[in-house]
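Colleague: Could you take one charged pair in this model and look at it closely? I would like to know what it joins and what lies around each of its two ends.

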Amino acid sequence: HELIVLQYTIISKKKLNMKKNIFSVLGLMSGTSMDGVDISLIKTDGYDYFEQISNKFYEFSDELYKDLIFLRESISELKDLDNKFSIIDEIEKKFTLFNAQVINEFIKQEQTRPEIIGFHGQTIYHNSKAKISKQLGNGELLSQLTNCTVVNNFRKQDLDNYGQGAPLTPIFHYLISNQINKKNKLTYPINIINIGGITNVTTILDNKDIDKQIFAYDIGPGNCLIDEWVRKKSNKKFDENGSLALSGKANQLILNQSIDNFQISSIEESMDINDFDISFVKGLNLEDGCATLNEFTAYLISEGLKKINQINNIVVKNFIICGGGRKNKKLVENIYKYMSDEKLIIKDIDVYQFDGDFIESQAFGYLAARRILGLPITFPTTTRCKNPSLGGQIIKNY
C-alpha cells in the first residue's frame, strides 16, 4: 500500500510536466437490473480530459437474463460461491461470450479499435467485510475474443486495502462535475446522485485536490426493490418511468411500519441488494406494491442525503441525478417530497449534455485508463480504504 501511495505521489508531481496520451477506451457496465450491457466509447487521458464518443445498450437474451437472475437469487452467503462453482462458471462463460459478441459488433459499427476495454462484469455477490466482491466476466477470454487489452476485477485492490469496494465512480463524477462547473457555472458543493440498483452519492466540495474534495457513500436502495417486485408480480423487468407506482396507492400503514422497523445505521459501509427485501409488501397488488416500495426507497434515499450533510457539516443545494432511477418520475417526486425542508435543486444530468444512462459505462472506461497509468481510483474519503488504491487487473491475451 505504501508503494501505491509513493507511485501516486511521483506521478502527481510529474503530472504538469508530462505530455499526456489520449486513450480510446471502451467502458462496459452491466447493472443490477441484469437486462443488458451498456457500452461507451470515450477518449480520455486518465486525468482531466474526457470526451464522449458513442454509447449503445445491448439487451441480454431471455435465456441469459433468466440465468443471471437465477444465479444472483441463489447466492446469499459466501459459501454459495463455492457450492455453486460449476453453474457460476457455466453462466460466466455465456456472459463473457455475449459481451465479446456485442463488443466486436460495436467496434465494427464504429469502425475503430479501442486501446483498452474497461470490463466491470456482472455483480452477483458483494461482501466488504469478507473482502469478497464477485463479478461475472472472464477477462482472459474477453481479451482473446476481442484482440484488446482488458482491465477488469476493479474492486479487489480496494477491498484488500480495507476499503468497501464501492462506490467506484466518484473520481469520474469529480471529473464531469468540473466540466459542468466550467461550462454551466454550477457552483460547488455539488452532489451527484446515481440511482442504480443501489443509490450512491458523490459530494464534490471543490475542483482542487481530488483526495480532499470528494466524499462518497452508498446511501440506500435504488431500483433494486422495485425491480424485484415487478419481476415477481408481472412479466415486466422494471417499472418504466414509474408508471406502475403512479397508478397505485402506497399503503401508509405498511409503509410507516417498515420505516419504523428498518433503519440504515451507517452509510460508511457499502451496500448490496441482499441488504434489503420486499417481504413487507407481499400482500399488496402489483401497483400498490410498486407505490409503497417507491415511497420506502425515496424515504431511505432522502435520509441518506440528510446524513451526508450532517457528516460533512455542509448544506448542498445543487444535485445532479443519473442512472436508470432518474427516469422513475414517481421516485424523483417522492425524493423531493421527503427533502422538502432542504430546498434542494435536482437536475437530470442530461441537461448538462451527458447521457445519464451511460455514466457508469463511461466511468469504467475512464477507470481502465487510470489503471494503465498506475493512478488510483479510490480514496479514503470515497471507500474508506487506508490509502489511495489502484483498481483493476490488466489482461492482454492475444
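**A salt bridge and its surroundings**

Modeller: Glu 59 forms a salt bridge with Lys 237, and their closest N and O atoms are 3.1 Å apart. The model is a predicted one. Glu 59 belongs to strand β3, residues 50-59, while Lys 237 sits in the loop between α9 (224-233) and α10 (243-247), so the bridge ties together parts that are 178 residues apart in sequence. Lys 237 has a relative accessibility of 17% and therefore counts as buried, the cut-off being under 20%. In general terms, side chains of opposite charge can pair when their charged atoms come close.

I start at the strand end. β3 pairs with β2 (residues 36-44) in the antiparallel sense, over nine bridges. These two strands make a hairpin with five residues between them, and Gly 46 in the turn has a positive phi of about 80°. On the other side of the sequence, β1 (residues 23-30) also pairs with β2 in the antiparallel sense, here over seven bridges. β1 and β2 form a hairpin too, with five residues between them; the residue with positive phi in this turn is Met 34, at about 55°. One position of β2 shows both pairings: Asp 38 is the bridge partner of Met 29 and stands opposite Phe 57 in β3. Eight of the nine residues of β2 are buried, so the strand is largely enclosed by the rest of the structure.

Now the other end. Helix α9, which precedes the loop of Lys 237, has a salt bridge within its own length, between Glu 228 and Lys 232, with closest N and O atoms 3.0 Å apart. Glu 228 and Lys 232 are four residues apart, about one turn of the helix. This spacing fits a general rule: an α-helix has 3.6 residues a turn, so residues three or four places apart point the same way. Lys 232 counts as exposed, with a relative accessibility of 52%.

α9 is also among the elements against which the buried residues of α2 pack, the others being α3 (78-83), α4, β4 (116-127) and β5 (132-136). Helix α2 covers residues 62-74; its 13 residues reach 18 Å from first C-alpha to last, close to the 18 Å expected. Its buried residues are Leu 64, Tyr 65, Asp 67, Leu 68, Ile 69, Leu 71, Arg 72 and Ser 74.

The region around α9 can be followed further through Cys 290. Leaving aside neighbours within four places in sequence, Cys 290 is in contact with Ile 226, Trp 229, Val 230, Asp 239, Leu 244 and Ala 245. Cys 290 is also one of the four residues that touch the most other members of the largest nonpolar core, a set of 44; the other three are Ile 219, Leu 305 and Ile 335. Helix α12 (residues 286-312) supplies the largest share of this core, 10 residues. Apart from this core lies another one, of 36 residues, including Met 29, Phe 50, Ile 204 and Phe 379. Met 29 is the residue already met as the bridge partner of Asp 38.

For context, a search of the whole structure finds 16 salt bridges. Another one lies inside a helix: Glu 90 and Lys 94, with closest N and O atoms 4.0 Å apart. Both lie in α4 (residues 85-110), four residues apart, about one turn of the helix. Glu 90 is partly exposed at 46% relative accessibility, and Lys 94 is partly exposed as well, at 30%. A further group is a network of salt bridges that links Arg 326, Lys 327, Asp 348, Asp 350 and Asp 357.

To return to the pair itself: Glu 59 in β3 and Lys 237 in the loop after α9 are the two ends of a tie across 178 residues of sequence. The Glu 59 end belongs to a strand that pairs with β2 over nine bridges, and the Lys 237 end is buried.

Definitions and conventions. Residues are numbered from 1 along each chain as its sequence is written. This is a predicted model: local features need pLDDT of at least 70, side-chain atom pairs count only at pLDDT 80 or more; totals for chains, interfaces and linings use all residues. Side-chain values use heavy atoms; hydrogens and water are left out. A salt bridge is a side-chain nitrogen of Lys or Arg within 4 Å of a carboxyl oxygen of Asp or Glu. Buried means under 20% relative accessible area, exposed over 50%, partly exposed in between (1.4 Å probe, protein chains only). The expected span of a helix is 1.5 Å times one less than its number of residues. Contact means heavy atoms within 4.5 Å. A nonpolar core is a set of buried Ala, Val, Leu, Ile, Met, Phe, Trp, Tyr and Cys residues joined through side-chain atoms within 4.5 Å. Two strands pair if DSSP finds at least two bridges between them.
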